[in-house]
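Me: I am new to this structure and would like a close look at a single part of it. Could you take me through one place where two helices pack together?

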Amino acid sequence: MISIPHKAKQFLVLLIKLLIVGGAFYFIYNQLANNDKLDWQKFIALFKKKQSVLGIGFILLLSVLNRYFEILKWQNLAQVIHKISVSEASKQVLAALTAGIFTPNGVGEYAGKALYYPKSDAKKVVFLNLICNGIQMILTIVFGVFGLLYFNAEFNVITTKTVMILFGGFLLILVLLFSIKKIKVKGYSIEKLIHKINEIPKTVHQKNILLGICRYLVFSHQYYFLFLAFDVDLPYLTLMAAITSVYFLASSLPTFQFLDFAVKGSVAIYFFGKLGVNEWIVVFISTLMWFLNVVLPVIIGAFYVLNFKTKTIE
């Protein structure tokens, strides 16, 4: 085992911190500066016309609540290892978000959180983070399927036969997964995974689900209220069905956090195009959602990354 001198280790850690923060800010700037679909003049004109301190404050509050519920989710799950304060949970969640912004599907978040715990707890942290993100994905699927069915009933995007085939295929996959749950891959099996999930107290799972629902309702309605702010006048259920469908389909595509708005934007253009919503409005709202719910937390998370103490991993 090669021993790294303390000074060299400090320099290496500082370099990694700067690379993470610098990379995060570069990708953010690159996406905002080089997106030719963003018509800033139209946005500024609309902003001047509709500017409202209360309206802006309300949208920002929803962004705070969105991340706050995520922080509470992590605080709730982390107590399986040991109890942490909201302040400590905030530090871990925001720093991990910054570390994961340019990794596929936010994989860097798992490593980011693990660094705040002893090496002996690393596997537990990764597993708990999987539970944390997993419930959000399940809720996105549940709400998204109902949204897709409602949207399809209204606009006939795909035929009823195709819907039944897709639903039947999904059920078949579930049956196959549970029928082969004892088969192990690299020492792991679905049966073992279920057993580990059941080891976590039910109260923790219940709170995780409740906070996940709260978070989903917050960010989906933030999307809804932004459409209202851009003078999109559509029935509530139709608009929410499109929003839940967009989140469902966009989240099923492998992507990077810094490209999140581009993926959601492209899916959203299709769905809201069916509703007759102007493309530039869809692109701008998707970009605003990304800026409010990813960029702003990443900026705060950058502070925690730069102030991260290596003693927690030594």
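Reply: Happy to; here is one helix pair, followed by a little of its surroundings.

This is a predicted model, in which local features need pLDDT of at least 70 and side-chain atom pairs count only at pLDDT 80 or more, while totals for chains, interfaces and linings use all residues. Residues are numbered from 1 along each chain as its sequence is written, and side-chain values use heavy atoms, leaving out hydrogens and water.

The chain holds 12 helices and zero strands, where helices (H or I, at least four residues) and strands (E, at least two) are DSSP runs numbered from the N terminus.

Our pair is helix H3, residues 53–78, and helix H4, residues 86–99; their axes lie 9 Å apart, at an angle of about 110 degrees. The axes are lines fitted to C-alpha atoms over the stretch in contact, with angles running from 0 to 180 degrees between N-to-C directions. That angle makes H3 roughly perpendicular to H4, a term covering 65 to 115 degrees.

Which residues make the contact? H3 brings Arg67, Tyr68, Glu70, Ile71, Leu72, Trp74 and Gln75, and H4 brings Val86, Ala89, Ser90, Gln92, Val93, Leu94 and Leu97; contact means heavy atoms within 4.5 Å. By type, these residues divide into nine nonpolar, three polar and two charged. Here Ala, Val, Leu, Ile, Met, Phe, Trp, Tyr, Cys and Pro count as nonpolar, Asp, Glu, Lys and Arg as charged, and the others, Gly among them, as polar.

Looking at the chain as a whole, 42% of its 314 residues are buried, meaning under 20% relative accessible area (1.4 Å probe, protein chains only).

Methods. Parallel < 35°, antiparallel > 145°, perpendicular 65-115°, else oblique. Buried < 20%, exposed > 50% of the residue type's maximum accessible area, 1.4 Å probe, protein only.
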